[in-house]
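Q: I would like to learn how to read burial in a helix, and how far to trust a model. Please show me the case first.

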Amino acid sequence: VVNSGLGSIRGARMAENRPSKVTGTQQQRLSDPMVWRNGVWQPTSWDDALDLVARVTAQVVQQGSEDDIVVSMFDHGGSAGGYENTWGTGKLYFESMKIKNCRIHNRPAYNSEVHSSRDMGVDELNYAYEDYTLTDTIFMVGANSMETQTNLYLNHMVPGLQSGAKMIVVDPRRTLTIASSEQYAGQENVLHLAIAEGTDMVLFNALLTHIVDQDWVDADFIAASTFQGGEAVAQDSAYPAA
């Protein structure tokens, strides 16, 4: 239903990294744990690597508390019991070590790429794929979905573009997504805002200012979903002030 048999560029090529005597990929794979010692990465035994992790962890807890341990980890499918490649780390961190502070990939927290959106009253996964085929405008910031989310782009965004949706892309670069969207929707229906690097907030502040000037603000939603006067106010006994 979601992919319709399509293979993303990333997913479809993952097999190239599997061990193979034909392609020789096994020569590029690590056969031992690597430890940073004396300014270089050095191979070591599993006993030595695990002992080092245990001793550093114990020292952090001894000098402070368990809450001082912060983990940066790979995750796909849910570390606490998802796919095989993260099931073990989930058991170790969340069940054995009781880790409370964790980040995944390049994100600042254990979340879905939009840190603090929940604090603004907006859940991160608050849309359906079908929305791309129904919307009037697709607004993308720094995303290159044709290359990095190929299934999502071809199977859901493209039908929307073909149905009349316009696309706005904020990115310093002219990406494959922009070129492809111009082919599907027509160049006149794709706006590329090629901002200078580091000027994201200038653009967003300008957009927000225009929204306020046009009185397009949902005042009731803001009043119900954000702090007023800089202080947290309890909604009721079930939702006390943080």
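Q: Which residues of helix H7 are buried?
A: An α-helix has 3.6 residues a turn, so residues three or four places apart point the same way. In this predicted model, H7 spans residues 176-185, and its buried residues are Thr177, Ile178, Ser180, Ser181, Glu182 and Ala185. Buried means under 20% relative accessible area, exposed over 50%, partly exposed in between (1.4 Å probe, protein chains only). Helices (H or I, at least four residues) and strands (E, at least two) are DSSP runs, numbered from the N terminus.

Q: What do the buried residues of H7 pack against?
A: Their partners are strands E5 (137-141), E6 (166-170) and E7, together with helices H5 (145-148) and H6 (150-162). Just after H7, Gly186 has a positive phi of about 95°.

Q: Which elements have the lowest and the highest mean pLDDT?
A: pLDDT is the predictor's confidence in each residue, from 0 to 100. Helix H1 (residues 9-12) has the lowest mean, 60, and strand E7 (residues 190-193) the highest, 97. The chain averages 81, and 71% of its residues score at least 70.

Q: Where does pLDDT stay under 50?
A: Where pLDDT is low, the predicted coordinates should not be read in detail. Here that stretch is residues 78-83, for which the model has 19 contacts (heavy atoms within 4.5 Å) beyond four places in sequence.

Q: What are the ground rules?
A: Residues are numbered from 1 along each chain as its sequence is written. Local features need pLDDT of at least 70, side-chain atom pairs count only at pLDDT 80 or more, totals for chains, interfaces and linings use all residues, and side-chain values use heavy atoms, leaving out hydrogens and water.
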